[in-house]
Amino acid sequence: MLRTNLITIAIILLSVAVSSLFIFAGSRHSINLIGWPLFAVCGCLIFMIQWIAFIPSYIFKTEKHFDLTGSLTYISMAVLVLTSLETYETRTLLIGVFVVTWAARLGMFLFIRILSAGHDSRFNKIKHNFWQLLMTWTLQALWILITFGAGLAASTSTKRSEIGVTDFIGILLFLIGFAIEIIADYQKSNFKKYRGNDFINIGLWKYSRHPNYFGEIILWVGIAMLSLKVLSGLQYITLISPVFVILLLTKISGLPMLENKSDVQWGHLSEYQIYKKVTPVLIPNIFKMLNHK
């Protein structure tokens with residue numbers, strides 16, 4: 001237990017260190033708020049909100065407000081930026097509206113889902129351990145900061161630029177990704193309502209085993225492209241945002257956990273084995289979609 005706690009504490013400290021460097025980079029060429037770079041103010045607030053929310057989470061051994069807190073943090077930072085600016089440009093408004101809309105939709109979806117389920121199995125053990133639960137809330141802060149990093153750096157940047165081709169591509173990618181995520185989540189929720197614990201292989205899920213994650217990745221690539229033209233110097237480091245989302249979803253907390261869970265639950269079914277063999281894990285089979293009748 002001692003060794004586990006020491007590793008957990010090390011992860012917390014590493015997360016704070018990485019975030020500090022990221023905040024330093026994103027704060028270059030940032031407008032100021034109360035004498036501090038607005039990007040840095042937002043970065044610090046992101047961690048403060050998660051750590052404050054950790055307190056009732058540990059006291060009451062509950063994870064029900066975890067995802068909702070994350071979404072509200074995105075919304076709070078976007079609103080803080082928009083209300084701190086003296087003048088607005090189309091890019092900043094678009095990023096703010098996109099992030100608020102995405103976070104509000106996803107936050108309510110996840111909050112309703114956990115209220116319906118009663119618990120999140122990921123927290124069954126860690127919510128009873130102080131350091132592991134604190135690590136989880138700290139990692140959520142890191143996730144919010146880096147994922148929103150490019151959009152936040154662009155929104156707080158002193159550099160301005162007219163909307164151009166790359167921006168329109170970014171807008172289109174966000175809208176496509178957001179639509180895919182909404183449709184995929186709706187289809188899965190509706191499927192579970194009538195089919196219970198069967199594995200879903202209809203709708204978008206017929207072409208990808210995780211279309212909601214594919215949509216998530218695409219929309220954050222869109223935000224990064226929309227941010228690109230007003231970044232400069234060390235701010236370009238914040239473009240790691242979509243890369244971070246990809247690594248997180250495909251290598252850490254997304255696909256590996258869900259794929260293992262699915263194998264345990266349905267791996268013995270021949271139908272699932274065929275579905276898994278012919279259906280890509282993430283990127284939809286476009287040719288299959290085009291040939292669908």
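In this predicted model, threonine 279 has a relative accessible area of 3% and is therefore buried, since the cut-off for a buried residue is under 20%. Threonine 279 belongs to the loop that runs between helix H11 (270-278) and helix H12 (286-290). Its side chain makes a polar contact with the backbone oxygen of tyrosine 275, at 2.9 Å.

Helix H5 covers residues 130-147. With 18 residues at 1.5 Å a residue, H5 is expected to span 26 Å, and the C-alpha atoms at its two ends are 26 Å apart, in agreement with that value. Of the 18 residues of H5, 14 are buried, so the helix is largely enclosed by the rest of the structure. At the N-terminal end, H5 is capped by asparagine 129, which places a side-chain oxygen 3.0 Å from the backbone nitrogen of tryptophan 131.

Leucine 139 is also part of H5. Its relative accessibility is 34%, so leucine 139 counts as partly exposed. Together with Ile7 and Ile11, Leu139 forms a nonpolar patch on the surface. The accessible area of the three residues together is about 210 Å².

Charged side chains were examined next. Side chains of opposite charge can pair when their charged atoms come close. The model contains 10 salt bridges. One of them joins the side chains of glutamate 63 and lysine 127, with an N to O distance of 3.3 Å. Glutamate 63 is in the loop between helix H2 (38-59) and helix H3 (66-84), while lysine 127 is in the loop between helix H4 (90-117) and H5; the pair therefore ties together parts that are 64 residues apart in sequence. Glutamate 63 has a relative accessibility of 2% and so counts as buried. Lysine 127 is buried as well, with a relative accessible area of 13%.

A salt bridge is also found between the side chains of arginine 91 and aspartate 167, with 2.4 Å from N to O. Arginine 91 lies in helix H4 and aspartate 167 in helix H7 (residues 165-195), and the pair links these distant parts of the chain, 76 residues apart. Both residues, arginine 91 and aspartate 167, are buried.

Arginine 209 and glutamate 259 form a further salt bridge through their side chains, at 2.8 Å from N to O. This pair links parts of the chain 50 residues apart: arginine 209 is in the loop between H7 and helix H8 (211-227), and glutamate 259 is in helix H10 (residues 255-266). Arginine 209 and glutamate 259 are both buried. Elsewhere, salt bridges with shared partners connect Glu89, Arg91, Asp167 and Lys229 into one network.

Two residues of this network, Arg91 and Lys229, are also touched by isoleucine 163. Isoleucine 163 is located in the loop between helix H6 (149-156) and H7. With a relative accessibility of 27%, isoleucine 163 counts as partly exposed, because the buried class ends at 20% and the exposed class begins over 50%. When residues up to four places away in sequence are not counted, isoleucine 163 touches Thr90, Arg91, Phe168, Leu226 and Lys229. Among these contacts is Leu226, which is 63 residues away along the chain, yet the C-alpha atoms of isoleucine 163 and leucine 226 are separated by 8.6 Å.

Conventions
Residues are numbered from 1 along each chain as its sequence is written. This is a predicted model: local features need pLDDT of at least 70, side-chain atom pairs count only at pLDDT 80 or more; totals for chains, interfaces and linings use all residues. Side-chain values use heavy atoms; hydrogens and water are left out. Helices (H or I, at least four residues) and strands (E, at least two) are DSSP runs, numbered from the N terminus. The expected span of a helix is 1.5 Å times one less than its number of residues. Buried means under 20% relative accessible area, exposed over 50%, partly exposed in between (1.4 Å probe, protein chains only). A polar contact is a pair of N or O atoms within 3.5 Å; within protein, one must be able to donate a hydrogen and the other to accept it, and residues adjacent in sequence count only if both atoms are side-chain atoms. Patches are made of residues with over 30% relative accessible area and no salt bridge: like charges are joined within 9 Å, nonpolar side chains (Val, Leu, Ile, Met, Phe, Trp, Tyr) within 5 Å. Accessible areas come from the Shrake-Rupley method with a 1.4 Å probe; for residues, only the protein chains shown count as cover. A salt bridge is a side-chain nitrogen of Lys or Arg within 4 Å of a carboxyl oxygen of Asp or Glu. Contact means heavy atoms within 4.5 Å.
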